[in-house]
Amino acid sequence: MDLGQIIRSHQQGDLTQAEAGYRAFLTAMPGHLQALQMLSLLLMQTRRPAEAADHFRQVAAAQPDSPDQWANYASLLRGAGRPEDAEYACRRALALAPAHVAGAYNLANLLAAPPPAGTGSPLESAAWYQRILAVVPDHKQARNNLEVLRRKEAGRLEVAACRVVALDPQSVRGHDALARLHQYRSGLLDWTPGKAMTLDLGLAVKAFDHLHRVQTVHPDEPGSLRLWLALALDLFQLGALDDRRLSWAARAAWRRLRGDPKDALAASIVGYHVYRRGRLTLASKLQMRFAARFADAELDGAGELGSWSMLRADDAFFERLPPLDSVIARLPEMTIVADLPEGSGPVIMVSGDEIYVRRFGPDLFRSIGECSPGASVVLNVVSPTPSLLGMLGEWRRLYPLSIGLSTEQPDFTAWSHAQRVTYYACARFIRVQQWHRHLGRPLILIDLDATTRSDLRLLAAETAGFDLGILHDRRRRGPFREVPVGFVYYNDTPLAGQYLATVAAYIGHFLLEGRPQWMLDQTAHLAALDWLGRHRPDLRIHRYDFQNFPHCAFIGEK
């Protein structure tokens, strides 16, 4: 009797003939494993799970050291309505191979289901789904099932985890489960920097504290350490991680770096901790030393390391910066197409590429015209077309503003989209410096995608006696976010000119290196403030609270 022919009949859909063939084959050759497996499959296909499990029991018994067979047997037992036996088979598979994905997935599904289909243990089920995702992060079924479990059973999961912690306050499993539940309910799992969404940061901090308890009981426990450090980074970037909690994470990050010297997440946590302690120069040196462990090609995929690579706060770096005029000479030329008439009041300046100008320019110019009629505005456009220049003529007719215009035509050949966008954001401060020097008047830089809420010219009275007016994020979310540059007021003083020239030279250095990173513009402003603050303590700064700045409305992350 040809088993291959029987299997072909099975595959072709002739199930009656195939079943008869398998049974006849097993009568002639009792215990043949492949025939038993195929007959069990056929019986499941024809909705006879109990009989399928009975036949497959012989396969598992014949191969007691095979985790695959125990995992398959568990699936059949669950289908046969025997959840206790199915759980035993799953645990046998996992005892043989603790990272066995099919066994863990079967067990998680069994534990998630309420009786009589399963055992009704959602807390343990969630833990097994998490173990699967730690081994296979793109396991879609496990991720989807965990999502459904958390959504439907959130209350039961939390009650069960709280009960575990109440019975044993040092329970790693209980604290880990509560942490993951709180993080899920906080909305933080769906958040990325720059994404606007409603978050419950109180729950996220609770999740952090539960993971801290896990680390206290079991230092560097691998299942939760990286989750804890990643959560610390998210909370830090959101301004919700206080200095005490940051120090806890930093100590663990230092230990992590001793085990893996190229862990960019751990290095970022260490850098942020040093920054929070007011040691910007030391933070810069530490990150430079860390970045030296990576090849250039690796830096792009090293998370926060790209932003850290833009921070230079040491005296040697600033002393090596070339004169600004030599930097400008190597950059695309800025051409003043339409100058402004002479005056003494502050000038508002915006800059961007043509796409951004067309998208956001009308709303911004309308708001300036309504709040500041008669104001002088400078627009710098990267690579404009003749049609855009025609649109500017229409704006002059529509809005009661005096509009100056400059243009530049950079060669972006071989530049990525991210590098081009970074150029638009950063090179504008070099153009601000050129216009500031050209006009000899206070200059207010605002984001092109902002709108104004008041007459910005009135800020001249507030900033009288100061060199700069800057936004300051009191949450201290890192050297890339402390000084949001959606608004900057540069007064017409020598120190303001020196500061702006330093920022422009700093940015020009990285643009000419060819590896600019996002947030270079904000990093440059803080680094220049730090350096000049040490060398020119007479620099006078008016700091506006970023979170309560009433004069402009911004979009996006700053």
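In which helix does Leu227 lie? Leu227 sits in helix H12, and that makes a handy place to start a walk through this structure, which is a predicted model.

Let us stay with Leu227 for a moment. Setting aside the neighbours within four places in sequence, Leu227 is in contact with Arg180, Gln183 and Leu211. Looking further along the chain, Leu227 and Ala264 are 37 residues apart, and their C-alpha atoms are separated by 14 Å.

One of those partners, Gln183, deserves a look too. Gln183 belongs to helix H10, and it counts as buried because its relative accessible area is 6%, where buried means under 20%. Beyond its neighbours within four places in sequence, Gln183 is in contact with Leu188, Leu189, Ala207, Leu227 and Leu231. With Leu231 there is also a distance to check in your viewer: the two residues are 48 apart in sequence, yet their C-alpha atoms are 8.5 Å apart in space.

From here we can step to the largest pocket. It holds about 1,100 Å³ of space. The lining is made of 33 residues, and those closest to the centre of the pocket are Gln130, Arg131, Arg180, Gly223 and Leu227. So which elements give two or more residues to this lining? They are helix H8 (122-135), helix H9 (140-167), helix H10 (172-186) and helix H12 (222-237). The biggest share comes from H8, which gives 9 residues. If you are thinking about the chemistry of the wall, the lining residues divide into 17 nonpolar, 5 polar and 11 charged.

Next, move to the stretch of chain before H8. Leu111 is found in helix H7 and is buried, as its relative accessible area of 1% shows. Apart from neighbours within four places in sequence, Leu111 is in contact with Glu87, Arg91, Thr119, Gly120, Ser121, Pro122, Glu124, Ser125 and Trp128. For a sense of scale, Leu111 and Glu342 are 231 residues apart in sequence and 77 Å apart in space, C-alpha to C-alpha. In the loop between H7 and H8 you will find Pro116, and the peptide bond that leads from Pro115 to Pro116 is cis, with omega near 5 degrees.

On the other side of H7 comes His100, in the loop between helix H6 (83-96) and helix H7 (101-112). Is His100 buried or exposed? At 12% relative accessibility, His100 counts as buried. Leaving out neighbours within four places in sequence, its contacts are with Pro67, Asp68, Ala71 and Leu94.

Two residues with unusual backbone angles come next. Arg47, in the loop between helix H3 (33-45) and helix H4 (49-62), has a phi near 60 degrees, a positive value in a residue other than glycine. Met519, in the loop between helix H24 (494-513) and H25, likewise has a positive phi, of about 75 degrees, although it is not a glycine. Their surroundings can be set side by side: Arg47 counts as exposed at 77% relative accessibility, whereas Met519 is buried with a relative accessible area of 6%.

Met519 brings us to helix H25, which covers residues 520-535. At 1.5 Å a residue, its 16 residues should span 22 Å, and the end C-alpha atoms are 22 Å apart, which agrees. Of those 16 residues, 12 are buried, so H25 is largely enclosed by the rest of the structure. Among the buried ones are Leu520, His525, Leu529 and Trp531.

The last stop is helix H20, residues 354-371. At 1.5 Å a residue, its 18 residues should span 26 Å, and the end C-alpha atoms are 25 Å apart, which agrees. Where does the kink in H20 lie? It lies at Phe360, shortly before the proline Pro362, and amounts to about 50 degrees. Both Phe360 and Pro362 are among the buried residues of H20, which also include Glu354, Val357, Leu364 and Ile368. What covers these buried residues includes strand E2 (347-353), strand E3 (376-382), helix H21 (386-398), strand E4 (402-408), strand E5 (443-446) and strand E6 (451-452).

How values were computed:
Residues numbered from 1 in each chain as written. Predicted model: local features only at pLDDT ≥ 70, side-chain atom pairs only at ≥ 80, totals over all residues. Heavy atoms only, no water. 1 Å grid on protein atoms, 1.4 Å probe; cavity = no way out; pocket = protein on both sides within 12 Å on 5 of 7 lines; lining within 4 Å. Points joined across faces, edges and corners; volume = space filled by probe spheres on them. Helix = DSSP H or I, 4+ residues; strand = E, 2+ residues; numbered from the N terminus. Nonpolar A, V, L, I, M, F, W, Y, C, P; charged D, E, K, R; others polar. Expected span 1.5 Å × (residues − 1). Bend = angle between axes of the 7 residues up to and from the residue. Buried < 20%, exposed > 50% of the residue type's maximum accessible area, 1.4 Å probe, protein only. Contact = heavy atoms within 4.5 Å.
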